[in-house]
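Here is a friendly walk through a protein chain, one stop at a time. Keep the picture open and turn it as you read.

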Amino acid sequence: MKRIALFLVLIPILLASCTSMYQKGQNQFQSGEYQVAINTFSKILEKEPENKQANFYVAESYRLSNRIEESKAYYEKVAAEEETYETYFRLGQSLKSQGEYEQAEEAFEKAKGLTLDDKNLQLVELELANLKKIGDIQNYWEFMQLENYKLLNTSLAEYSPVVNDGYLYFTSNRQSSGIYASTGTPYLKMFRTRAEGIKVDVQNVQQLPEFRNEDNLNQGSMAVSPDGNTLIYARGNSTSVKDLPDVHLFVSYFRGGGYTQPIWMPVNEDEFYTNTTPAFSPDGNELYFSSLRPDGKGGLDLYKATKLANGDFGNAVNMGNQINTPGNEMFPYVAPDGKIFFASDGHAGFGKMDLFVAERTEKGWEVKNLGSNINSVADDFGIFFSKYPTEGFLSSNREGGLGDDDIYFFEDKTPKPKIVNVFLNVTTKEKKDDGTEVLLPQTRVVLYDGANKNVGGDFSNQNGRLRFTLAPNANFSIIASKSGYFSKSITYTTVGKTPRPEDLIQEVTNITLDTTVVLDALILERSIVLENIYYDLDKADIRPDAALELDKLVKILKDNPSIRIELSSHADARATDEYNDALTQRRAESAVAYLVSQGIDASRLVAKGYGKRQLIIENAQTEEEHQTNRRTEFKVIEIKE
């Protein structure tokens, strides 16, 4: 009985204690002391695990201190007590931040059914649409590799790397005094160390020299002008009633061996706006930053301000709804080619903040997620290139880091292409009267690529040989010439004559190919028979099969633009002289007309019909012998210098 009586006495004391602690935690929450509020409400939850209000404040404290991934269990308990749009929407965001996409979709769908507010519906529809796009995200750089800079990082925060003139600048709360009540971690300060590309002097990291980091303030997310003389940084979260509570941009100038006293920048425009994460354009004439303003799209948006005549930055303009979303866009980086890299939780991403690139197109900005080899379900932000676009740094609080935000370095590891050398051995020969072919030394051979550009040329040696180096999978033409011979061009291709890239094993593969160019002697007044030039009976029309043969002559004439020829037609002996003369003249003229139609200058051509006056076989008896007499010939009658 005494125990029961004692317990009854303690009940009002315990209730009074919880009420007092609840009020204390609520005051801490409203003051933005989120980590302190978490500690207070956690004590209530030790006694009352299902307390809806305590769970709500812990969940919201985690969310507002950028730790929404830790809020899941608390939002779930709130939802079990009372189903509201806000609770399920935040629960969905918490699930998404841990990569639990199916459960996140269920929570967002639940939230969607619990509101009729247009703004709420827009937000939840955006989250659902972004979830559906995750599977379509492609890596922006296929072979970019990311690695934690473990020797640089600590168990505290390191982020927002900036490279300038041989130094790496970054933000950290190492070596810091005072605790920021919102996160329960030390205040942030600005640091610097030597760096060459992505190689950092990790032994000599120091707080920014020539600049006094203030105590009990967060200072970081800095931008250094291209000339190194201007430092713009985000400063805020002061607890002093005499200072600005929000985050604003301050500027300090390097003068006389040190930085000037920081100055509040007019680009902030209003002390009630949040302004943070500044970045210079490559030429230093524009300032990009993130701000929470009435003309924004929802959360923090990216803005661009232009340098004024007095050196200040002003006329800040919102970057527009192709870049900005109802979520948050922060940490811009402007590349030399005009692309804008930034972090966002409003575009389709893997969890919390992802890194994106905005590219200029005819339709404005096109935003692309950098992909899974850069981003994670955690916060990925603060990208800066030490060598664009192949190496640099970024920040992330992903799993596997040393603690809190870490700096990572990345570099392009695109495999070096395996080399294929194609060697073409060319042999030059001449064709003798008896049809045999013999080596023809000291022949000029010129190589042209597919665009008819001269890519090589030399004389064959005493063995009639020379070698060219060709590109794989390409088309070429080869022209061989020698005084006293018809010049000749041939086409040559390496397409299909080399191994496929995926089949290559060695770093360098040599392929040797061979071809031969045969030249004919060029002798004035020497007749050359054009084989297979046939005409229909009593006709002079050029048949398709004859056109193919005449095309060979077209090629000879084009290869040898300095020659003038006589094209002659001959008949057999089986008709009158008058008939044969007229027929062969018509046929010769028809052949010449065909050559002219193929681009040969008519002044280079003479048509001559010889009838039956130049028989090869006198007294021909068989049809085969008559056909030998019935022929078309050409001979060079002039060589122009």
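Let us start at Ser-182, a residue that is buried, with a relative accessible area of 5%. In this predicted model, Ser-182 sits in the loop between strand 4 (179-180) and strand 5 (185-186). What does Ser-182 touch, if we do not count residues up to four places away in sequence? Its partners are Gly-32, Glu-33, Tyr-34, Gln-35, Ser-65 and Arg-67. A relative accessible area under 20% is what counts as buried, so the 5% of Ser-182 falls within that class.

Another buried loop residue is Asn-324, with a relative accessible area of 2%. You can find Asn-324 in the loop between strand 17 (313-318) and strand 18 (329-334). Which residues are in contact with Asn-324, leaving aside neighbours within four places in sequence? They are Lys-297, Asp-301, Leu-302, Asn-318, Met-319 and Glu-329. Take Lys-297 from that list: Asn-324 and Lys-297 are 27 residues apart along the chain, yet their C-alpha atoms are separated by 6.4 Å.

Now step back and look at the whole chain. It has 10 helices and 36 strands. Along its principal axes, the C-alpha trace spans about 150 × 65 × 50 Å. A compact globule of 641 residues would have a radius of gyration near 26 Å, whereas this chain has 42 Å. Of the 641 residues, 47% are buried. The chain exposes about 32,300 Å², and carbon and sulfur atoms supply 50% of that area. If you take the contacts between residues at least 6 apart in sequence, 55% of them join residues at least 24 apart.

Charges are our next topic. The chain has 70 positive and 92 negative charges, and the mean positions of the two groups are 3 Å apart. Side chains of opposite charge can pair when their charged atoms come close. How many salt bridges does the structure hold? There are 35 of them.

One of these pairs is Glu-50 with Lys-77, where the closest N and O atoms are 3.9 Å apart. Glu-50 belongs to the loop between helix 2 (34-47) and helix 3 (52-64), while Lys-77 belongs to helix 4 (residues 72-81), so this salt bridge ties together parts that are 27 residues apart in sequence. Are these two residues buried or partly exposed? Glu-50 is partly exposed, with a relative accessible area of 47%, and Lys-77 is also partly exposed, at 30%.

A second pair brings together Asp-379 and Lys-352, with 3.3 Å between the closest N and O atoms. Asp-379 lies in the loop between strand 21 (364-369) and strand 22 (380-387), and Lys-352 lies in the loop between strand 19 (340-344) and strand 20 (354-361), so this pair, too, ties together parts that are 27 residues apart in sequence. Here Asp-379 is buried, with a relative accessible area of 4%, and Lys-352 is buried as well, at 8%.

Further along, the side chains of Arg-631 and Glu-633 meet in a salt bridge, 2.6 Å from N to O. Both Arg-631 and Glu-633 are buried. Salt bridges can also join into a group: Asp-337, Lys-339, Glu-359 and Lys-368 are linked in a network of them.

Our last stops concern the backbone. Where in the chain is Pro-389? Look in the loop between strand 22 and strand 23 (391-396). Tyr-388 and Pro-389 are joined by a cis peptide bond, with omega about 0°.

Two more residues have a positive phi although they are not glycines. For Gln-442, phi is about 55°. Gln-442 is placed in the loop between strand 26 (437-439) and strand 27 (444-449), and it is partly exposed, with a relative accessible area of 39%. For Asn-452, phi is about 65°. Asn-452 is found in the loop between strand 27 and strand 28 (454-459), and this residue is exposed, with a relative accessible area of 59%.

Key:
Residues are numbered from 1 along each chain as its sequence is written. This is a predicted model: local features need pLDDT of at least 70, side-chain atom pairs count only at pLDDT 80 or more; totals for chains, interfaces and linings use all residues. Side-chain values use heavy atoms; hydrogens and water are left out. Helices (H or I, at least four residues) and strands (E, at least two) are DSSP runs, numbered from the N terminus. The radius of gyration is taken over C-alpha atoms; the globule rule is 2.2 Å times the number of residues to the power 0.38. Buried means under 20% relative accessible area, exposed over 50%, partly exposed in between (1.4 Å probe, protein chains only). Contact means heavy atoms within 4.5 Å. Accessible areas come from the Shrake-Rupley method with a 1.4 Å probe; for residues, only the protein chains shown count as cover. Lys and Arg count as positive and Asp and Glu as negative; His and the chain ends are not counted. The place of a charge is taken as NZ of Lys, CZ of Arg, CG of Asp or CD of Glu. A salt bridge is a side-chain nitrogen of Lys or Arg within 4 Å of a carboxyl oxygen of Asp or Glu.
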